[in-house]
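Let's take a walk through this model, stopping at a few spots worth a look. Have the viewer open and follow along.

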Amino acid sequence: MINKIMLVDGSNASREVLIRRLQVAMPEIHISSCATANETLARIAEERFSLITTALLLPDMDGLDLCRKIRSSKRHRYTPVIVVSSDADQRLLHEGYNAGVTDYFDKAHGYMAFGQFIKSFLARNADLFGRILYLEDSKTAIASTRQMLEAHGMEVVHASSVEEALNLLEKSRQANERSFDLVITDFHLQGQMTGGDLLYSIRVRQHYSQQELPVLVTTGNEDIKTQVAVFNAGANDFVNKPLVEEVVMARVRALLLVKFQYDTLRRQAANLEQMATTDALTSTHNRLYLVEAGETFLTERNDGWVIIIDLDHFKMINDTEGHLVGDQVLIAMGKLLNQLFQDGLPVRFGGEEFVVLAHGEAIPSRCEAMRKAVEALKPGGVEVTVSIGLVAVEAQPGKDLNSLLGLADNALYAAKDAGRNRVFIYDANANAAPYTSVKETTD
Ligand SMILES: Nc1nc2c(ncn2[C@@H]2O[C@H](COP(=O)(O)OP(=O)(O)OP(=O)(O)O)[C@@H](O)[C@H]2O)c(=O)[nH]1
């Protein structure tokens, strides 16, 4: 996480303005500042910063020399460094890359633009930190690789055998905890099972795709045959031993990027699906969802019911209390239906009409309880009642959802005709009768 910025500038006035611009653009970020290069070097040896900005002319050192020193430090070797200057183009073109400058803010754009520039830089270069399952059985390799990964902000969980690695993967899946973002494994292990076996289990047995769980293989053998074997086994990529930090980290970041982009796409797809099938006002399902999932829901069991609920004299509520209060009533109705029919499929059918699909012998009595609950609801102090019509799927053999909705609607009209605020059931003899006349058992 980027949360600490070091700002280096020899001029008090300029430092103050730049800090203010950063604070305005990113109030959540902690900003420290230094006036000289030596002060900066002492400070960054003590504390870890996620970004450093520096002027090109400092009282005690050239800004690019400071950058070189930052690059040779252990702690901030990979920390982005941004030069802030008004005429650095030529120098940066010739020397900046070698000195390790990451980017350049031209003061000619004005101080106002500085905060937004850094904010957008951070958004575009968000650091990639992942949880890595690391399988290696050589003690010397474990310590150094772990240290390297942790120095780059990775969380490392080590396993020394394939069995242990598979156990850790399975456990995190079962516990539904944050699973691993990347597996790094040696291809040739001393135990009975090899890195190839681990890959086989991950891809074929546990069905993780290469985007869901990337695997980076380390191998001491770089011949083409081994490379082909590594990829055939389902690895995303490989690195040769002895490991070179820059190479390993470039691969790790590229694979984490694949994984995180895949996670984001999956989350967005799930959100879109949710939005497309949910009624925005009442948070019940919408009509589209009823069409898509209704028939399947009813055929899951043989004791299904189709229920239509209509608010009584809702036009009057709108007319006397206003549409906003009307909306509050609809929201309260949606909440109640979602609560009462968590095991069912509550839907806003349109306007002030709801449909619920539900299973169980006690559905008529649950509808009567719902009617009473609406009476007691009084959302925003408004007295509200509902009329309810329902039909049992079993009593109407061969009827599809559309026809059942029509029959439930007949019962609803009978309830309205009989004076509203009541439950009517459409029975097997094509009669719509009030709830109280029906004998029922409870679930
Ligand atoms: N506030 C609000 N009103 C809505 C919304 N959708 C539909 N309505 C209103 O719901 C009312 C439905 O009125 P009617 O169909 O005449 O039914 P009713 O007044 O409930 O009468 P009965 O059903 O016979 O008891 C209309 O005034 C619509 O404008 C909505 O999203 N918000």
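Before the first stop, one working rule: a residue is near a molecule if its C-beta atom, placed from the backbone, lies within 6 Å of it. Keep in mind, too, that this is a predicted model.

With that rule in hand, start at the ligand. It has 17 residues around it, and the closest are Phe314, Lys315, His323, Gly326 and Gly351. Strand S11 (304–311), helix H12 (314–321) and helix H13 (323–340) are the elements that each give two or more residues to this shell. Sort the shell by character and you get 7 charged, 5 polar and 5 nonpolar residues.

Next, hop over to Asp186, which sits in strand S8 (residues 182–186). An unreviewed UniProt entry annotates Asp186 as "modified residue: 4-aspartylphosphate". Is this aspartate buried or exposed? Aspartate 186 counts as buried, because it has 22 C-beta neighbours inside 10 Å. Looking past its neighbours within four places in sequence, aspartate 186 makes contact with Leu135, Glu136, Asp137, Gly195 and Thr218.

Last stop: helix H1, residues 12–25. Its 14 residues reach 20 Å from first C-alpha to last, close to the 20 Å expected at 1.5 Å a residue. Leu18, Arg21 and Leu22 are buried in H1. They cover an arc of only 100° around the axis, so they are on the same side of H1. In general, an α-helix has 3.6 residues a turn, so residues three or four places apart point the same way. The buried residues of H1 are covered by, among others, strand S1 (4–8), strand S2 (30–34) and helix H5 (112–124). Turned away from that buried side is a face carrying the exposed residues Asn12, Ala13 and Glu16.

How values were computed:
Residues numbered from 1 in each chain as written. Predicted model: local features only at pLDDT ≥ 70, side-chain atom pairs only at ≥ 80, totals over all residues. UniProt positions renumbered as here; feature names shortened; annotations may be inferred. Helix = DSSP H or I, 4+ residues; strand = E, 2+ residues; numbered from the N terminus. Buried ≥ 20, exposed ≤ 12 C-beta atoms within 10 Å, placed from the backbone. Contact = placed C-beta atoms within 7 Å. Expected span 1.5 Å × (residues − 1). Arc of directions from axis to C-beta. Nonpolar A, V, L, I, M, F, W, Y, C, P; charged D, E, K, R; others polar.
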